[in-house]
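Biologist: Could you take me through the biggest nonpolar core in this model, and what sits around it? I'd like one connected walk through that part.

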Amino acid sequence: GTVRSNSSCRELIQTVEDIVSLSDTHTTAYTGEEGIRQLDHKLTVWFSDWTVIKMNADELSRGQGQFMGQKRRRSSCPSVSGSGTQVLIARAPFTQTVFDELHLKKDLSPQASLAEKIKRNVYCSNRRGWKLLTTYIPVVKYIRYYKFRESALSDFMAGLTVGVIHIPQALAFGQLTSVKIQNGLFTSLWPVLIYVFFGTSAHVSMGTSAVMSILTAATVDREGQAWATNKQWIMNQTNNVTKLDDIPEYLDFKEEVAMGVALISGIMMMVMGLFKLGFITAYLSESFFTAFTSAAAVHIAVSQLPAMLGIDIDRSSGIFKVIVTVIDLCRGITEANLAAIVCSIVSCVVIYLVKDCINERFKHKLFLPIPIDLLVVVFGTMISYFGKFNERFNVDVVGSIPTDIPPPMIPIEGLKIAPNYMVDSFIMAILIFANTIAMAKICAKRHNYELVDSQEMLAYGLCNAVSSFFKCFPSGVAPPRSMIASSMNARSTLNGIFSSVLILCVILFISPLFTELPKSILASIIFIALKG
């Protein structure tokens, strides 16, 4: 707009306020000595971040003024008639949050007493109650303002697609975590459902995670072996045929240790979320995360080689476990199972070709990426069943999977040795938050919405703490699932309900069909997932 010299002060202020209300870069030309003087004063007092440029009418019309260190484009200069000195006011674009942080002033007198401050800030009202409720339970606001016609189909499709990806990852990462296979299915159910109520990102998919699984496996193997060493009746059951992981009591103890780790790390994240300690992750550099995930990938890959080669060796724990595992593999290479090797090679080749040559190359043309992991699991199970791989070729298979939802329980045996893995739980809490919030912010930036870091940390803590009572191990985000939710344009966290329903159906009705699934195929899925 243009403010002439005969404009009143009220018009000047109104013009400035109109500029403030805009969120993009805008320019306004002012003419007249009185208007320039008053406006310059107001801008100096109110907005120190604005750029004020004085130029004459000819310069303004030619667009030769300097703006933010660059020449203005001719089309961005307003057309102003008249002569004399004019002023061009411009500012960089702001989000509402950044603008409020810069310019919003709290109406609180520094001379106010403590009692007056408490009286002003501690009060009850319907508006404040609603804000408190929607801050800590965001799903209430999502339901209240949910646009069914616009969002329901997107959430439904995104939830089902992410749920399909959950199935093979749940089976594979359950094996990677060194606990029971069904624990992976439970971890793909409860954290997803809990995040629906307390999360603020429509694209974060909680559940099994490769990095969390390998860290949990290191802890449960270390504590499990220490526990078994002190139980002579456990050690007496081990021989050339029976391994520790084949003893039900040993697996039950490791399961409780994993539950204890999830509970303690979840409580730590909840406390940090309530005290607004999310800034801690700012001190973890990108090089740290790169090095950590690369090292974890090496450990994960080596840990899957025995299953891919069909070699049965004891799990190693502690330092140099990678070297010890490789040495044991070399010693037992003559016992490799040819059928398991063929399953692994075929699975790796098929998954790699479909993911890189079809899904990635034609991602803009495909409505949905081909769920090749799930297809490999389904066809691998069918071929193994009809070919009787376990009986004819001695291929190790998943075995029976319970078809019920376990009641909540407290991991008493696992919590008895909680001091032994307290440091491990703290490390997992930091890594779960750092990895998950990083993915959440990428999706938030892509879809233009705000995240509340402290609420996200609280949500991640609840996902782990509450789900630990339902036989779940530590959970976090998996980038492939979140990127699929982002590409499917999920609108709210309610899409997680559809993923949870699908996993629930798998647990109750479909899981017995995976009895003949070769473990070498699950190991191949994990191995290929490490790419990139």
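Modeller: Sure. The largest nonpolar core, meaning buried Ala, Val, Leu, Ile, Met, Phe, Trp, Tyr and Cys residues joined through side-chain atoms within 4.5 Å, has 45 residues, and Tyr195, Val204, Met269 and Tyr460 have the most contacts inside it. Buried here is under 20% relative accessible area, exposed over 50%, partly exposed in between (1.4 Å probe, protein chains only). At least two core residues each come from H10 (190–198), H11 (210–229), H13 (248–274), H20 (422–447) and H21 (453–467); helices are DSSP runs of H or I, at least four residues, and strands (E) at least two, numbered from the N terminus. H20 gives the largest share, 12 residues.

Keep in mind that this is a predicted model: local features need pLDDT of at least 70, side-chain atom pairs count only at pLDDT 80 or more, and totals for chains, interfaces and linings use all residues. Residues are numbered from 1 along each chain as its sequence is written, and side-chain values use heavy atoms, with hydrogens and water left out.

Now Tyr460: beyond its neighbours within four places in sequence, its contacts (heavy atoms within 4.5 Å) include Tyr195, Val204, Met269, Ile432 and Phe433. A second, separate core of 41 residues includes Ile214, Ile372, Ile521 and Ile528.

Thr200 sits in the loop between H10 and strand E7 (206–207). Thr200 is buried, at 13% relative accessible area. Among its contacts outside that same four-place window are Tyr195, Tyr449 and Glu456, and the Thr200 and Glu456 side chains share a 2.6 Å polar contact.

Note on methods. A polar contact is a pair of N or O atoms within 3.5 Å; within protein, one must be able to donate a hydrogen and the other to accept it, and residues adjacent in sequence count only if both atoms are side-chain atoms.
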